[in-house]
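User: Please take a close look at how the nonpolar residues are grouped. Then set that against the rest of the chain.

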Amino acid sequence: MPPYAFFQKQFMPLSEAKIGILTHALHYGTACFDGIRGNWDSEQERFCLFRVKDHYNRILNGCRILKINLPYSSDKLCQLTTELVRRSGYHEDVYIRPLAYKSSETIGVRLHDLEDDFFIVVTTLPPYLGIGEGVRCCTSSWRRVDDTMIPPRGKICGIYVNSALAKTEACETGFDEAILLTHDGHVSEGSGENIFLVINGKLVTPPSSDNILMGITRDTVIKLAKNELGLDTIERSVDKSELYLADECFFSGTAAHIAPIVEIDHRPVGTGKIGKITSALQKLFAEVILGRNTKYLDWYTFLAKSQILNSNS
Ligand code: PMP
């Protein structure tokens, strides 16, 4: 199946969805986006789209920061997304990328007096971090962008230059992923993931004031840890050296899922193997994103095989 898009108020093959080279967002990063998973359950033969409304509420917040006028409610955006997945004909895990942007084809940096547009594309996504044996990280020489520079809670396109600089530096020096610190040296997050530490049987994760994106997987982890494992999460600033002393450490993110971190700056995390709490959370998370835990029905949008168009299996 070719990837499919909702673009300029219509559903179409991705190959037909084109923008002009003067588009404002391309020049100035004046856009915000999100990433949503559609998880294919091959036993139940259905998709579970995970926490779609939460992702759209976040994109709508980004639009407020960027003065982008989206003519859709979050409910309408959820409907459009389900319809796009239905029309795309996939029977495998999909990744859904909505993006709201300044669409005027004009030169001049600003947010005001510009047209806005919006698209959603659905495609597949190869495994995001090679997590078989766990992720090897470095702390980055790049500092996380501060709320007073470009607000990180907005998932704003331009901010991802910060992530890309850190990710490529990490990969080119032989690591899998970077951990960015804030300008004052506290742990913030990975290039595209939030970070958790396990310290003395409790989860610890940086707060929103340390310039993280408020991750939906982060929120899922906090709730699963509390409800299913009876573990509290402490949201507080984390020193860099705490990374070296934590018992366990992992990333959370829609693309990355729960990814165990086994090494940071050439030091093993805990035993250097995937920790018990991390692996318990991975198991719970894998069930929940397939829609199999009925306690969390609010998080799920199901799409049965019989509803999918252009069946290709
Ligand atoms: N931080 C950054 C910088 C990200 O890009 C992402 C991915 N969206 C996350 C954290 C994790 O957020 P979520 O769990 O909502 O995908």
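Analyst: Buried means under 20% relative accessible area, exposed over 50%, and partly exposed in between (1.4 Å probe, protein chains only). The model is predicted: local features need pLDDT of at least 70, side-chain atom pairs need 80 or more, and totals for chains, interfaces and linings use all residues. Numbering starts from 1 along each chain as its sequence is written, and side-chain values use heavy atoms, without hydrogens or water.

Start with the whole chain. Of its 313 residues, 52% count as buried. The C-alpha atoms fill a box of roughly 50 × 50 × 30 Å, taken along the principal axes. The chain holds 7 helices and 17 strands (DSSP runs numbered from the N terminus: H or I, at least four residues, and E, at least two). Take the contacts (heavy atoms within 4.5 Å) between residues at least 6 apart in sequence. Of these, 71% join residues at least 24 apart.

Now the core itself. A nonpolar core is a set of buried Ala, Val, Leu, Ile, Met, Phe, Trp, Tyr and Cys residues joined through side-chain atoms within 4.5 Å. The largest one in this chain has 30 residues. Which residues have the most contacts inside it? They are F47, Y56, L70, I96, F118, I120 and V122. Several elements give two or more residues to this core. The strands are β1 (4–7), β4 (36–41), β5 (46–50), β6 (94–102) and β7 (116–123). The helices are α2 (52–66) and α3 (74–88).

L70 gives a view from inside. Leave out residues up to four places away in sequence. L70 then touches I59, L60, C63, L77, A100 and F118. F118 is itself on the list of residues with the most contacts in the core. Another core lies apart from this one. That second core has 20 residues, among them V198, I222, L231 and I277.

Next, F50. This residue is found in strand β5, one of the strands that give two or more residues to the largest core. F50 counts as buried because its relative accessibility is 7%. What does F50 touch, beyond residues up to four places away in sequence? The list is I36, R37, N39, H55, T220, V288, I289, W299 and Y300. F50 and I258 are 208 residues apart along the chain, yet their C-alpha atoms are separated by 15 Å.

The loops complete the picture. K155 sits between β8 (135–143) and α4 (160–172). Is K155 buried or exposed? K155 counts as buried because its relative accessibility is 11%. Phi of K155 is near 45°, a positive value. Most residues other than glycine have a negative phi.

N200 also has a positive phi, near 50°. N200 lies in the loop between β11 (194–199) and β12 (202–205). N200 is exposed, with a relative accessible area of 70%.

G192 comes in the loop between β10 (187–190) and β11. At 36% relative accessibility, G192 counts as partly exposed. G192 and G215 are 23 residues apart along the chain. Their C-alpha atoms are separated by 9.7 Å.
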